[in-house]
Amino acid sequence: MEAYFNVHFFKERNRNLDIDHLMSFFGVLEGANIEIQDSEILIDYQMPRLGYGARFLITKKSRVPNISRLSPKFLDLNFHLEIPLLTPDYVAHKLFEIVKEIQMTFELHIYSEMFEDVLPFKMDLLIKAFSIAKEAFINKNPSIMQQYNIVDKVVLGNILRYYDEMYSLQMYYKEQETYVPNYLFLKDSSGTIHPGFEWKEKTSTVFPPNTEFIVYITSEGKLLLVDEVEDILGKYLLDVPGFIKNTKVTGSKVKKIHKLVKKMKPTKVNEEFSRVNLSTLID
């Protein structure tokens, strides 16, 4: 069952929309694929690096519900964005940034079913409307959530931003031979998600934000708690400059760092975990 949050585009006093200019806009947008279907236009958009999807449509007829109650000075362009309602807020924010660019480039206004009328672009209002619609959908369809795992909005936002900017971080640390790891997501028996990462012995690494555990890869292998490792390493862990708060990186004294870690007597974790994928996480 797929449900969408729609953002419709309107223009004041006229319906003039330069389609060629609009196609040029999407033609240079990374992740956009344009298809013309029976005089309707579908722009399928896949977010680079994260893979979440949405689509822009130019249709033959208006798809705005109850359009007669809207201000008559704004005219529907039969052009709208559909975002799956189970999209994380971080991704929705990125999509709304594209909406803002379209609105500014073509001098448009926007409308959502959550609005009372057509409005100029307001990011805070869009995010609030999207979050309300998503929460209502989740509450009405609890069985759908069996496929997903709920994570705090701030935490999931940090995780997705980390992945979104991961390549630039890898390039930044390439010459320093510092590993920029992917996340691991473990679910405990209560359904709580615990983000972590792998760290190979004798290497330097980034500690991604909001992580709770480390799979420390040695001949024996250990499961370490991030808080305990950070307490032991202290001054040897540095903030990643200009990046997400609480993203750390091991300093240059690799031998000293690993000597301290190997001497640790970590708290034993008496819990059975199952591993889940990023695509199952929802805020």
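Of the 283 residues of the chain in this predicted model, 49% count as buried. The C-alpha trace spans about 70 × 45 × 30 Å along its principal axes, and the secondary structure comprises seven helices and 17 strands.

**Exercise 1.** Determine where aspartate 188 lies and which partners its side chain has.

*Solution.* Begin with the position: aspartate 188 belongs to the loop that joins strand E9 (184–187) to strand E10 (193–200). Next, consider charge. Aspartate 188 is buried and has no salt bridge. A salt bridge requires a side-chain nitrogen of Lys or Arg within 4 Å of a carboxyl oxygen, whereas the nearest side chain of opposite charge, lysine 187, is 8.4 Å away. Finally, examine the backbone: the side chain of aspartate 188 reaches the backbone nitrogen of threonine 192 at 3.0 Å.

**Exercise 2.** Locate proline 208 and decide whether it is buried or exposed.

*Solution.* Proline 208 is found in the loop between strand E11 (204–207) and strand E12 (213–217). Buried means under 20% relative accessible area; proline 208 counts as buried because its relative accessibility is 1%. As a further step, compare positions along the chain and in space: proline 208 and asparagine 182 are 26 residues apart in sequence, and their C-alpha atoms are separated by 8.2 Å.

**Exercise 3.** Describe the largest pocket by its volume and its lining.

*Solution.* The largest pocket holds about 290 Å³ of space. Its lining consists of 17 residues, of which Glu2, Pro84, Leu86, Thr87 and Tyr148 are the closest to its centre. Sorted by class, the lining has 11 nonpolar, five polar and one charged residues.

Notes
Residues are numbered from 1 along each chain as its sequence is written. This is a predicted model: local features need pLDDT of at least 70, side-chain atom pairs count only at pLDDT 80 or more; totals for chains, interfaces and linings use all residues. Side-chain values use heavy atoms; hydrogens and water are left out. On a 1 Å grid over the protein atoms alone, a cavity is a set of points where a 1.4 Å probe fits but cannot get out, and a pocket is an open set with protein on both sides within 12 Å along at least five of seven lines; lining residues have an atom within 4 Å of a point. Grid points are joined across faces, edges and corners, and a volume is the space filled by probe spheres set on the points. Ala, Val, Leu, Ile, Met, Phe, Trp, Tyr, Cys and Pro count as nonpolar, Asp, Glu, Lys and Arg as charged, and the others, Gly among them, as polar. Helices (H or I, at least four residues) and strands (E, at least two) are DSSP runs, numbered from the N terminus. Buried means under 20% relative accessible area, exposed over 50%, partly exposed in between (1.4 Å probe, protein chains only). Lys and Arg count as positive and Asp and Glu as negative; His and the chain ends are not counted. A polar contact is a pair of N or O atoms within 3.5 Å; within protein, one must be able to donate a hydrogen and the other to accept it, and residues adjacent in sequence count only if both atoms are side-chain atoms.
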